[in-house]
Amino acid sequence: MLRYLLSRLLQAALTTFGVMTIVFFVMRLSGDPVLLLVPEGATREHIETVRRELGFVQPIWRQYLTFLGGLLNLELGVSVVQRVPAWDILASRIPYTLALAGAALLVAVGFGIPAGIAMAIWRGRWFERPIAALVVTGQSMPTFLSGILMIMLFAVTLRWLPSSGVDGPASVVMPAIALGMLSMSTFARMARIAVVDELSKDYVRAGLARGLPLGKVVTRHVLRNAAIPVVTIAALETGNLLAGAIIVETVFAWPGIGQLAIQAIQSRDFLVVQAIVLFVSLVYVAVNLAADLLYAGIDPRIRLGKP
Amino acid sequence: MTAPVLDIDRLRLEIGAAAVVDGLSLSVGQGEIVALVGESGCGKSLSALAVLRLLPDAVRLAGGRILLEGKDLATRDMSSMAAIRGRDASIIFQEPTASLDPLMPVGDQIAEALTAHRSVSAREAMLRAREMLVSIGISDPDRRLAQYPFELSGGMCQRIMIAIALICGPRLLIADEPTTALDVTIQAQILHLIRQLVAERGTAVLLITHDMGVVADIADRVVVMYAGRVAETATAEELFRAPRHPYTALLLASIPRAGIKPKSRLATIEGTVPPPSSHGSGCRFASRCPLAEDRCRIESPPLVDHAPGHQAACWRSGQVATLGAAA
Ligand SMILES: Nc1ncnc2c1ncn2[C@@H]1O[C@H](COP(=O)(O)OP(=O)(O)O)[C@@H](O)[C@H]1O
Ligand code: SF4
Ligand SMILES: [Mg+2]
């Protein structure tokens, strides 16, 4: 267990380091960074001043070390556009995106997994069909379309929910559904595959043979076994949720980092874009680390080290 | 004579329109070990699963009676079967390790078999599981109870499966090739264990195997199956002494015996079991039978009595002895 933990932690640390390095060099490879940092139409003197201020006259390895050192202190540079530290700008948006992504994940897992389990248990029977139809709808509906349709129905016509922005907890409902819908379908399909796969295993027949009703075999044995592949999907889906947040936050005027990303790119606020890229990558690394820990919690073969 | 514990009468199982098991009849009495023998694919496992109504979706129970202590399981609705499985009749399978949930300690899985049928506390169930392990001769039971299947050998997993199967004291134990996946030495131990438990408890055992060596070791009576039908049935002693079906004779000739040089080829039966869809009107063994004649290919031979409790389905039973001498 300890060895497994250490190896996963080391892997996460290496990935993090790799991400930072790539971000650093991509920024330098894409041309003179100073030109990206100054407003359009800046004077030559202004550009030179910025160059000196930000240390771009130093040798590259020096800049790299300074960059890494800065990251450790959460110093991501000062936004040239807003004249505020990039981290502060980012930090003010993070709670919104976490709330949105968390609620979306809740929608996706809360509906997707029971739907997948139901489809697996009733596979081939008629009641699988209505569930499957819902899943396919969720899967084929583009996020912006489902978002706009919901706004029209629930905000404009029925006036049940606020159409956009943040105005109390009810505001998160529609964006979370729009964002979670695609993941919900993925969870449903994956849970179905995993449960069907487990249902064909010998231990299921053996469980029935000792007199357990099918429901007990499923809840006591099948779901735990099927959880292993589903956790893998959940980790991957988090990446998709963060990507989807860019669209959903724009449609619903949700002040999270997705919206911030669009604004920052439009205003050429390069340091903020860089901060977002770093943050999202780190979230992804953290989620995968959490998935690795979950595997160990579920599977004794990992926990105890299979001989 | 008391009524048999298990009495299967003209069982018929179908996949699509084809009958994979066609008129299987057999009975197992209290404390008796009956071997169901035949090559792979002849319908042994499906017959065993049919008894507990655990057939795969594709396979249909199309006819016959399955009397367990006089009650017909063939007509029961599925929801009432759970109460019977594990309590009145249990089954163990060929792959013991795969038959256990890999994520649950084996002690909990044994206890679960008890709590499925008796209202006992979790503590009590675990104590009973421990007793069960002791009674089947497992040393260090406390450590075993806490272990996961992947930490145990195949033989140990099969012992656990036996503990699960017997913890509620069923009247019938079905063992579907319980030793096929195990080493030879472990095989002998498991068979010995089954024999001992049966003797102690008077459990009826239906032992499925394709290994005549196992039959010789342990069975009281034998039912030889070929392509979904009974070819011959007799006491083990009589069957080995005077087989009346060419298929039985060839199976017996295929047992490796001490004294045969390792290099010499064992007698084997040419060809394979024909698929259910290809069965014509004649004897199903005709395509592989050294005694086959024209009549065999047209008319199916009925099961005929040769001695009390000894039946065979062959037009030329009388000639089978000559075959044994030739092999
Ligand atoms: N789940 C299933 N679906 C379709 N056919 C099956 C299934 N299980 C077994 N069969 C077929 O039924 C026949 C008998 O199988 P089985 O009872 O497993 O044989 P045995 O145990 O004697 O080796 C075989 O021809 C096999 O291919
Ligand atoms: S009936 Fe004919 S083909 Fe069938 S086993 Fe007897 S001799 Fe062989
Ligand atoms: Mg079999």
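I count a residue as near ligand 1 if one of its heavy atoms lies within 4 Å of it. The model I am reading is predicted.

**Entry: ligand 1**

I listed the shell first. Around ligand 1 I find B:Ile15, B:Val20, B:Glu39, B:Ser40, B:Gly41, B:Cys42, B:Gly43, B:Lys44, B:Ser45, B:Leu46, B:Pro56 and B:Ala58. I sorted these residues by class and got 6 nonpolar, 4 polar and 2 charged. I then asked which element gives the largest share of the shell. It is helix α1 of chain B, residues 44–51, with 3 residues.

Next I looked up polar atoms facing the oxygen atoms of ligand 1. For B:Gly41, a backbone N or O atom sits 2.6 Å from a ligand oxygen. For B:Gly43, a polar backbone atom is 3.1 Å from an oxygen atom of ligand 1. B:Ser45 uses its side chain instead: an N or O atom there is 2.7 Å from an oxygen atom of the ligand. I also noted the area figures: ligand 1 taken alone exposes 560 Å², and the protein buries 64% of that.

**Entry: contact of chain B with chain A**

I turned to the interface and asked how many residues each chain puts into the contact. Chain B gives 26 residues and chain A gives 24. The two chains bury about 2,100 Å² between them, and 62% of this is on carbon and sulfur atoms. On the chain B side I recorded B:Leu103, B:Glu112 and B:Phe150 as the residues that lose the most area to chain A; together they make up 33% of what that side buries.

I then searched for charged pairs. The rule finds 2 salt bridges across the interface of chain B and chain A. I looked up the one formed by B:Glu112 with A:Arg220, where the closest N and O atoms are 2.6 Å apart. So B:Glu112 appears in my notes both for lost area and for a salt bridge. For polar contact, I get 10 residue pairs across the interface, with both residues at pLDDT 80 or more.

I also checked which helices of chain B take part. α3 (106–115) and α6 (154–166) each supply at least two residues of the side that touches chain A. The largest share of that side comes from α3(B), with 3 residues. By class, the residues on the chain B side divide into 16 nonpolar, 4 polar and 6 charged.

**Entry: chain A**

Last, I looked at the partner chain as a whole. I count 13 helices and 0 strands in chain A, and its pattern along the sequence is α-α-α-α-α-α-α-α-α-α-α-α-α. I noted the span of its C-alpha trace along the principal axes as about 85 × 60 × 30 Å.

Definitions and conventions:
Residues are numbered from 1 along each chain as its sequence is written. Chains are lettered from A and ligands numbered from 1 in the order in which they are written. This is a predicted model: local features need pLDDT of at least 70, side-chain atom pairs count only at pLDDT 80 or more; totals for chains, interfaces and linings use all residues. Side-chain values use heavy atoms; hydrogens and water are left out. Contact means heavy atoms within 4.5 Å. Buried area is the accessible area (1.4 Å probe) that two parts lose on being put together, summed over both. A salt bridge is a side-chain nitrogen of Lys or Arg within 4 Å of a carboxyl oxygen of Asp or Glu. A polar contact is a pair of N or O atoms within 3.5 Å; within protein, one must be able to donate a hydrogen and the other to accept it, and residues adjacent in sequence count only if both atoms are side-chain atoms. Helices (H or I, at least four residues) and strands (E, at least two) are DSSP runs, numbered from the N terminus. Ala, Val, Leu, Ile, Met, Phe, Trp, Tyr, Cys and Pro count as nonpolar, Asp, Glu, Lys and Arg as charged, and the others, Gly among them, as polar. Accessible areas come from the Shrake-Rupley method with a 1.4 Å probe; for residues, only the protein chains shown count as cover.
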